[in-house]
Amino acid sequence: MADESISVVKVRDVLMVTMPADPDDASVSALQMKVLQMMEQYEATGLVLDISAVETLDSFFARTVAETAQMASLMGGRTVIAGMRPSVAITATQLGLTLGSAMTALDVDRALDTLTDAGQRGNSHER
Amino acid sequence: MRASGAIAMNAERAGEVRIHSESDIVATRRTVRTAATQLGFGLTDVTRIVTAASELARNIFLYAGSGIMRWEALDTGGRIGIELTFEDRGPGITDIEQAMEAGYTSGGGLGMGLPGAKRLMDEFEIASEIGKGTIVTAKKWHRRLGDSTS
């Protein structure tokens with residue numbers, strides 16, 4: 001079975017992970033381990049979980065995303081979950097899902113600002 | 001594509017996915033997404049229906065091991081909808097009322113599969129017999145005829 005690949009990019013000290021649109025449970029679990037290993041490998045201090053491609057966030061996927069954020073926090077990395085689609089946010093709320101205490105952002109740009117304090121240095125992303 | 005009060009002539013009316021493995025949860029989501037979209041549901045309703053289907057398919061995989069998901073187009077006097085049926089020959093649910101309580105789980109899940117799926121759908125029924133199996137039937141209707149924006 002072909003797993004949807006995940007993209008991981010490091011920008012400054014932040015690891016940016018793009019979640020696949022519709023992964024199976026095994027891929028979601030494997031992704032969690034991979035992300036944590038890369039946190040260590042790249043000595044990242046921040047983690048952005050980009051879920052803007054995610055079309056269906058069910059309870060298993062949401063729990064794994066929230067857990068990954070908690071685990072990264074235990075490793076000393078701040079995590080921002082970015083880019084939840086409106087339809088996914090509506091559905092997740094009705095389903096009763098929360099993402100725990102993880103920080104969230106509208107998009108990856110703002111998530112990166114939060115983690116690198118660029119936002120405090122003059123909102124350089126605003127054009 | 002907008003629903004115009006009737007299901008398109010060339011649209012499929014029913015389908016099924018056999019659930020045997022974890023990857024069949026993904027197959028269920030894809031089949032239901034395609035079905036709900038072609039029936040004219042808007043993106044948010046499609047997301048609700050697909051998410052409910054994902055929870056119910058996972059329940060079958062976790063608790064019964066295998067089963068089947070069937071979908072059917074509903075078209076009753078102007079109202080268009082979709083009916084999802086999840087059937088398994090698993091152990092059955094001992095206490096349906098308890099299983100419908102948020103947070104209750106007997107199998108290591110989150111305990112929001114059944115109550116969550118019910119909240120996302122318009123109609124929801126469970127029939128279960130110990131040792132025989134479980135049938136969950138869930139329906140979603142278009143909010144308004146021809147409205148595909150919600």
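**Sheet, loops and helix packing in chains A and B**

A:Glu43 sits in the loop that links α1 (25–41) to β3 (46–50) of chain A. In this predicted model, A:Glu43 has a positive phi of about 50 degrees, even though it isn't a glycine. The residue is also exposed, as just 11 other C-beta atoms lie within 10 Å and the cut-off for exposed is 12 or fewer. A:Arg12 tells a similar story: not a glycine, yet with a positive phi of about 50 degrees. This one belongs to the loop between β1 (7–11) and β2 (14–18) of chain A, and with 11 C-beta neighbours inside 10 Å it counts as exposed.

Those loops connect into the sheet of chain A. That sheet is open, has 5 strands in the order β1-β2-β3-β4-β5, and its pairing is mixed. At the edges stand β1 and β5 (103–105) of chain A; each has a single partner strand, so one side of each goes without a neighbour in the sheet. On average, and ignoring direction, neighbouring strands are turned by 25 degrees against each other. Down at β5(A), the pairing with strand β4 (residues 78–82) of chain A is parallel and runs over 3 bridges. Here A:Val80 has A:Met103 of β5(A) as its bridge partner.

Two helices lie against this sheet. α1(A) packs on it by touching β1, β2 and β3 of chain A, and its direction makes about 160 degrees with that of β2(A). Helix α2 (residues 59–74) of chain A, for its part, lies across β3 and β4 of chain A and runs at about 155 degrees to β4(A).

Over in chain B, there is a helix pair to look at. Helix α2 (residues 43–64) and helix α4 (residues 113–120) of chain B pack at about 155 degrees, with axes 9 Å apart. Since angles over 145 degrees count that way, α2(B) and α4(B) are roughly antiparallel to each other. Their crossing is left-handed. On the α2(B) side, the contact residues include B:Arg48, B:Glu55 and B:Leu56, while α4(B) brings in B:Gly113, B:Gly116, B:Ala117 and B:Leu120. By type, the residues of this contact divide into 4 nonpolar, 4 polar and 3 charged.

Finally, B:Thr134 is part of strand β5 (residues 133–141) of chain B. It is buried, because 25 other C-beta atoms fall within 10 Å and 20 or more is enough. Beyond its neighbours within four places in sequence, B:Thr134 is in contact with B:Ala64, B:Asp88, B:Gly90, B:Gly92, B:Ile93, B:Ile126 and B:Ser128. B:Ala35, by comparison, is 99 residues from B:Thr134 in sequence and 23 Å away in space, C-alpha to C-alpha.

Note on methods: Residues are numbered from 1 along each chain as its sequence is written. Chains are lettered from A and ligands numbered from 1 in the order in which they are written. This is a predicted model: local features need pLDDT of at least 70, side-chain atom pairs count only at pLDDT 80 or more; totals for chains, interfaces and linings use all residues. Helices (H or I, at least four residues) and strands (E, at least two) are DSSP runs, numbered from the N terminus. Two residues are in contact if their C-beta atoms, placed from the backbone, lie within 7 Å. Axes are lines fitted to C-alpha atoms, for helices over the stretch in contact, and angles run from 0 to 180 degrees between N-to-C directions. Angles under 35 degrees count as roughly parallel, over 145 as roughly antiparallel, 65 to 115 as roughly perpendicular and the rest as oblique. A crossing is left-handed if the near helix is turned anticlockwise from the far one by less than a right angle, and right-handed if clockwise. Ala, Val, Leu, Ile, Met, Phe, Trp, Tyr, Cys and Pro count as nonpolar, Asp, Glu, Lys and Arg as charged, and the others, Gly among them, as polar. Two strands pair if DSSP finds at least two bridges between them.
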